[in-house]
Structures are given as C-alpha cells and as structure tokens.
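Subject: Structure for your review

Hello,

Here is the structure we talked about handing over. My notes on one pocket and one sheet follow below it.

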Amino acid sequence: MKVSTEKIPDSQILMTIEVEQERVDEARKKALRKLSPRAKVPGFRPGKAPPNLVRQYFGEERILDEALDDLVPDIYREAVEADESIDPVARPRLVIETTEPLVVKATIPVRPTVELNDYAAVRVPAEAVTVEESRVDETLLTLRRRSATLEPVERGIQWRDVIRIQVEGAVGDESLIESQEAEVQFTEERDVLFPGFEEGVIGTAKGEEVEFDVDVPDAISDERFHGKQVHFKVQVIEVKEEVLPEMDADFTKAIGEGFETVEALRDRIRADIQKHEEEQRDNRYHDAILGDLVDRANIEFPPVMLEIEVDRLLHDQAGHMEKAEDMERYLASIGKTAEQFRAELEPIADIRLRRSLVLSKAAEAENIEVTDEDVASEIEEMTAAAGAQAPQLRQMFSSENGRDTIRRNLLTRKTLSRLVEIATQDGAAPATEETKPKRKRAKKSDAKATAAAEPAGE
C-alpha cells in the first residue's frame with residue numbers, strides 16, 4: 001500500500017492511498033462469500049451455489065462495490081494509524097479515484113491552526129457600572145403593583161384600570177370580531193392587536209357605550225380586510241382601579257422573608273441591579289476582548305467544525321429537538337427551510353467557533369490549568385447553594401462527563417480572568433466574578449423579593 005499526504009487549505013490533509021491488486025482480489029473473494037447466501041440461483045440452496053454462478057448472478061460491479069465497502073475504511077484506518085503526525089478531528093471524505101489500480105483519496109479534517117500573534121497587546125477600556133435611583137424606584141413600583149388590590153370605580157376609564165367590556169368589530173358588513181366579553185388591564189406599554197383601541201375606550205365610564213374606527217393591522221391575515229378600517233362597538237360593564245399598598249414597614253416585611261425598613265429593601269434592590277449590570281458589563285467586556293483576539297489572530301479550521309457548530313446552534317434555537325419530524329414542524333412554523341435556517345446561523349456559528357478557538361489557544365499560551373481540587377471545590381460550592389436539589393446536582397457531577405463540564409467551565413473562567421488582566425494593564429480592571437469579593441448568598445425568599453430588578457431597567 002502506497003500512501004502520500006499533502007496539506008491543503010482549511011486545516012485539512014489530502015491523503016492518497018494506492019492499494020496493491022492482490023489485496024483488492026482478496027477483498028473481492030470475501031465479498032463473493034458474503035453475497036453468496038443472498039444469491040437465488042435455481043437448483044441450489046442459499047449459500048451453496050458455485051462461485052462462478054454467484055458471480056454471474058450479482059455481476060462484477062456489485063461484487064466490487066461490496067468489496068470496496070469493507071476494504072476502503074480498513075485501508076484508510078491503517079494509513080492514518082501508521083502516520084502519527086495526522087490527528088483527525090472528524091470523519092474523512094473518501095473518494096475512489098480509480099479501481100485499477102485502486103486509488104483512494106481521503107480529505108482528512110485535522111486540528112485547527114491558531115496563531116494569536118500579539119495577543120498580549122490587547123487593551124480594552126474598562127466600563128464603569130452605576131445604578132440610577134430611578135431604576136430602584138421602578139422596581140419598587142413593580143413590587144407594589146404585584147401586591148395591588150382592585151377597587152370598583154364609577155369614573156371614566158384611566159390607564160392601568162382593569163375593565164370588563166362587551167366588544168364587537170366589523171369591517172363594512174363583514175364581522176371581524178364577534179360580540180364577546182373580555183376583561184383586560186389598560187397599560188400604555190402593552191402590545192395590542194389593534195393599535196388605537198385602548199385610546200378609543202379611555203374616558204368611558206361604567207354602563208356607557210362608545211363606537212370608533214381604527215385601521216385594520218397587517219397582523220390580520222385575511223386579505224379582504226387589508227387597507228380598511230374596523231368599526232368597534234364597546235360597552236363598559238365594570239371599571240376597577242389599581243390601589244397600590246403604602247410604602248411602609250408592613251409592606252417591606254411582607255416581601256420575601258421580610259425587610260425591616262424601606263431603605264433595607266431599597267439597598268437589596270440596588271445591590272441586585274448592580275450585580276445584574278456588572279454581569280452584563282462583564283459579558284460585553286469579554287466579548288470585546290475575544291473579538292480583538294480574533295481580529296489579531298490567524299485562524300484556520302476544517303469546514304466540518306463549522307458544520308458541527310451550526311448543528312449545535314440549530315438544536316439550541318429549536319429547543320433540542322431530536323426527532324426529524326419535530327424539526328420539520330419547527331421549520332414550518334417559522335416559514336424557513338433547513339438550508340435557509342442553517343445559512344442564517346452560519347455567521348453566528350463562525351464567530352462562536354473562532355472565539356472558542358482563540359480562548360483555548362490563550363489558555364495554552366498562558367499555561368492555565370484546572371486541577372482536580374479546583375473541580376471538587378466548584379462542585380462543593382454549587383451543591384452548597386442548591387438546597388434540596390443538592391443530592392441530584394452532586395449525582396449529576398459525579399460522572400466523568402459531569403466533571404469534564406465543570407472543568408471546561410472553570411478553564412474558560414480562569415482564561416477570561418487572565419485576559420481581563422492583560423486587557424486592563426493600563427487602567428483599572430472591572431470587577432468580575434473572579435476578582436470581586438464574594439457576597440453572602442441571598443436566601444431564595446429574598447431573591448423573590450427583588451426578582452423584578454432586571455426587568456425594571458430594560
């Protein structure tokens with residue numbers, strides 16, 4: 001067997017394998033014996049027909065195909081195992097160039113090539129995080145609204161009132177909204193199917209009826225109504241106003257396990273918003289550093305790695321669907337073919353793959369390692385915070401795969417922490433989860449008290 005190799009673009013090796021005729025002939029004989037039980041030759045039981053009749057039954061082309069199906073993977077495996085310099089990362093693409101003599105060309109994806117170049121010169125300005133008191137106020141208002149009561153009123157409808165109405169809508173002589181009763185809260189930030197509907201009803205009191213026209217929105221799929229107006233008739237059955245609880249000690253003590261004062265609650269909300277914003281800032285900061293590293297680096301990887309990354313993204317976005325029919329239904333629901341969806345995901349997958357590659361190379365360049373003690377300590381910290389779920393979490397991470405997941409996450413965190421040190425050598429580094437002091441973990445009930453902190457700032 002003669003083997004030659006050459007490097008080709010995109011971290012691939014083209015291997016040419018020429019096989020001696022004796023081995024091909026032997027493979028043909030094995031294929032003939034393998035096919036013999038399937039030959040239906042008159043006068044002979046399956047597997048008992050003479051070789052020449054079996055050969056006539058199947059034909060030389062079928063026998064050769066059967067022989068090559070077994071032979072080609074074997075000769076490829078032998079050739080790769082004999083060359084220690086080749087480290088495949090995925091299956092090769094095998095092409096039979098000729099059969100006489102047998103010449104097989106294998107396109108082998110190998111490990112990516114990453115040159116970081118002057119990665120130590122990366123500098124990214126630090127971004128300060130401040131929390132405006134208005135965001136604390138917004139969160140407090142959200143918490144009060146969750147505890148609000150509803151009181152019937154006789155006045156005209158105002159924003160944030162909860163109303164019960166009888167409504168119907170028609171476009172000319174065609175009914176678009178059948179007469180129906182509905183209860184809804186009028187809020188200015190709420191998305192509505194018919195923009196202008198709430199404004200048409202505002203000011204109407206209990207027992208009154210109002211009629212008005214609004215444009216038929218594009219969201220109505222029936223083309224008969226496009227470009228027209230819908231005429232609404234609305235009768236107000238009941239109006240309730242939102243009554244917020246007083247901001248006093250009674251209210252704050254009812255939040256979570258309780259806060260003694262309004263200021264204590266404000267402090268917790270402020271701290272939670274600060275933590276959330278720092279995490280978002282750190283994510284942006286890490287993205288900026290990795291983006292700079294990618295721009296400086298020379299990166300080459302086999303196309304199959306990008307295909308695998310696209311596969312991961314596709315299944316992440318589609319909800320980890322394993323069955324082909326589930327994926328087909330999902331694609332139909334978004335009105336795209338698999339090819340269109342993959343084409344959209346490819347640029348995102350390309351960025352993710354390149355950032356992952358430079359991150360791994362940076363860990364190697366900086367000699368960053370994760371010890372077994374690091375993994376054990378991380379598992380202990382995670383299970384300590386898991387409460388009743390601690391046994392299940394400990395069992396999950398007791399397997400080798402579970403520990404490998406922890407190891408990879410720790411390596412990423414350590415590497416990012418080191419890259420932050422490099423990127424902020426000329427200025428103050430932002431506080432990250434690796435560098436900031438550990439804050440005492442909030443109790444679950446306290447977390448509920450300030451769960452509205454994130455939405456308040458969005």
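The second largest pocket has a volume of about 420 Å³; please keep in mind that the model is predicted. There are 16 lining residues, and those closest to the centre of the pocket are R111, P112, M305, L357 and S360. Two elements, helix 8 (303-317) and helix 10 (338-365), each give two or more residues to this lining. Helix 10 has the largest share, with 6 residues. By residue class, the lining of the second largest pocket consists of 9 nonpolar, 5 charged and 2 polar residues.

The other item is a sheet. It is open and built from 4 strands, which follow the order 1-2-4-3 with antiparallel pairing. Strand 1 (2-8) and strand 3 (93-99) are the edge strands, each paired on one side only. On average, neighbouring strands in this sheet are turned by 15 degrees against each other, with direction ignored.

At one edge of the sheet, strand 3 is joined to strand 4 (residues 102-109) by 6 bridges in the antiparallel sense. Within this pairing, V95 has K105 of strand 4 as its bridge partner.

Which helix lies across strand 1, strand 2, strand 3 and strand 4? That is helix 3 (residues 60-82), and it runs at about 50 degrees to strand 4. Strand 2 covers residues 12-19.

Regards

How values were computed:
Residues numbered from 1 in each chain as written. Predicted model: local features only at pLDDT ≥ 70, side-chain atom pairs only at ≥ 80, totals over all residues. Heavy atoms only, no water. 1 Å grid on protein atoms, 1.4 Å probe; cavity = no way out; pocket = protein on both sides within 12 Å on 5 of 7 lines; lining within 4 Å. Points joined across faces, edges and corners; volume = space filled by probe spheres on them. Nonpolar A, V, L, I, M, F, W, Y, C, P; charged D, E, K, R; others polar. Pairing = 2+ DSSP bridges. Axes fitted to C-alpha atoms, helices over the stretch in contact; angles between N-to-C directions. Contact = heavy atoms within 4.5 Å.
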